[in-house]
Each structure stands twice: as structure tokens, then as C-alpha cells.
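Subject: The structure for you to look at

Hi there,

Here is the structure I promised to hand over, with my notes underneath. Could you open it in a viewer and follow along as you read?

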Amino acid sequence: MNQYAFRRAIGARGRVSAWQELGVEVAEPVRIGARVVIPQRPENVSIGAGSRLTGKVTIISWNPVTIGRNVL
């Protein structure tokens, strides 16, 4: 199974939980799409409440990256 199919299969709440386990700070409620990728240092990423990351998104986070509240 490829990564996209797995991320899609675990569902929206599963993706949020998986990113939290890898160190991303997530303020609920947040929607993270199946094509969102954080290839380096996910512990440097924080996502504010009400944000939606969908589509083909790659977050490169060598330094801290903060995505504010209600970002679409």
C-alpha cells in the first residue's frame, strides 16, 4: 500500500493523531488532508485551531513553522 492510500484509509482523525505522535503541535479542531507531507522535523510545526491543510502541501520545517488559527 502506498503512503497516500494509507493516509486516506486512516481518515481525518487518524491523520491528525499520527502527526501529533510525530511531534506536530495541533490545536483541535484541525483538518489535515491525505496529501499533506512534512518530510523533515515535524516537531518544528504547530497548527492553530480551525485550520485546514488540504491538497498537495509540503511543509519544510528546518526552523519552527507556525500555521495560525483558521488558515485555509
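V71 is partly exposed, with a relative accessible area of 31%. You will find V71 in the segment after β7. Please keep in mind from here on that this is a predicted model. Leaving aside neighbours within four places in sequence, V71 is in contact with G50, S51 and R52. Try the distance tool on V71 and N44: these two are 27 residues apart along the chain, and their C-alpha atoms are separated by 18 Å.

N70 also belongs to the segment after β7. At 53% relative accessibility, N70 counts as exposed, because the cut-off for that word is over 50%. The backbone of N70 deserves a look too: its phi is positive, about 55°, although N70 is not a glycine. R41 is another non-glycine residue with a positive phi, in this case about 45°. R41 is in the loop between β3 (37-40) and β4, and its relative accessible area of 41% makes R41 partly exposed.

Now go to G50, one of the contacts of V71. Where in the chain is G50 placed? G50 is in the loop between β4 and β5 (52-53). Its relative accessibility is 27%, so G50 counts as partly exposed. Not counting residues up to four places away in sequence, G50 touches A27, P29, V30, N70 and V71. Take P29 from that list: G50 and P29 are 21 residues apart in sequence, yet their C-alpha atoms are 5.4 Å apart in space.

P29 has a story of its own. The peptide bond that leads from E28 to P29 is cis, with omega near -10°. P29 is placed in the loop between β1 and β2 (31-32).

Let us step back to the whole chain. Its secondary structure comes to one helix and seven strands, and reading along the sequence gives the pattern α-β-β-β-β-β-β-β. Along the principal axes, the C-alpha atoms fill a box of roughly 30 × 25 × 20 Å. How does the radius of gyration fit with a compact globule? A compact globule of 72 residues would have a value near 11 Å, and the chain has 11 Å, so the two agree. Buried residues make up 31% of the 72 residues. Among the contacts with a separation of 6 or more, 6% are between residues 24 or more positions apart.

Next, the sheet. Three strands form an open sheet in the order β1-β4-β7, with parallel pairing. β1 (25-26) and β7 (65-67) stand at the edges, and each has a single partner strand, so one side of each is left without a neighbour in the sheet. β4 and β7 pair in the parallel sense over three bridges. If you would like to find one of the paired positions, start at V45: its bridge partner in β7 is V65.

While you are at β4, look at S46, which is found in that strand. Is S46 buried or exposed? S46 counts as buried because its relative accessibility is 17%, and the cut-off for buried is under 20%. Setting aside residues up to four places away in sequence, S46 touches E25, V65, T66 and I67.

That brings us to the inside. The largest nonpolar core has 13 residues, and those with the most contacts inside it are V24, I32, I38, V45, I47, L53 and I59. The elements that give two or more residues to this core are α1 (3-21) and β4 (45-47). L53 is a good residue to click on here: not counting residues up to four places away in sequence, L53 touches R31, I32, G33, V36, I47, I59 and I67.

Last, the rings. How many aromatic pairs does the structure hold? The count is zero. There is, however, a charge placed over a ring: the charged end of R35 sits over the ring of Y4, 4.2 Å from its centre.

Happy exploring, and send me your questions whenever you like!

Best wishes

Terms used:
Residues are numbered from 1 along each chain as its sequence is written. This is a predicted model: local features need pLDDT of at least 70, side-chain atom pairs count only at pLDDT 80 or more; totals for chains, interfaces and linings use all residues. Side-chain values use heavy atoms; hydrogens and water are left out. A nonpolar core is a set of buried Ala, Val, Leu, Ile, Met, Phe, Trp, Tyr and Cys residues joined through side-chain atoms within 4.5 Å. Buried means under 20% relative accessible area, exposed over 50%, partly exposed in between (1.4 Å probe, protein chains only). Helices (H or I, at least four residues) and strands (E, at least two) are DSSP runs, numbered from the N terminus. Contact means heavy atoms within 4.5 Å. Rings of Phe, Tyr and Trp (its six-membered ring) pair if their centres lie within 6.5 Å; planes under 30 degrees apart count as stacked, over 60 as edge-to-face and the rest as tilted. A charge sits over a ring if NZ of Lys or CZ of Arg is within 6 Å of the ring centre and within 35 degrees of the ring normal. Two strands pair if DSSP finds at least two bridges between them. The radius of gyration is taken over C-alpha atoms; the globule rule is 2.2 Å times the number of residues to the power 0.38.
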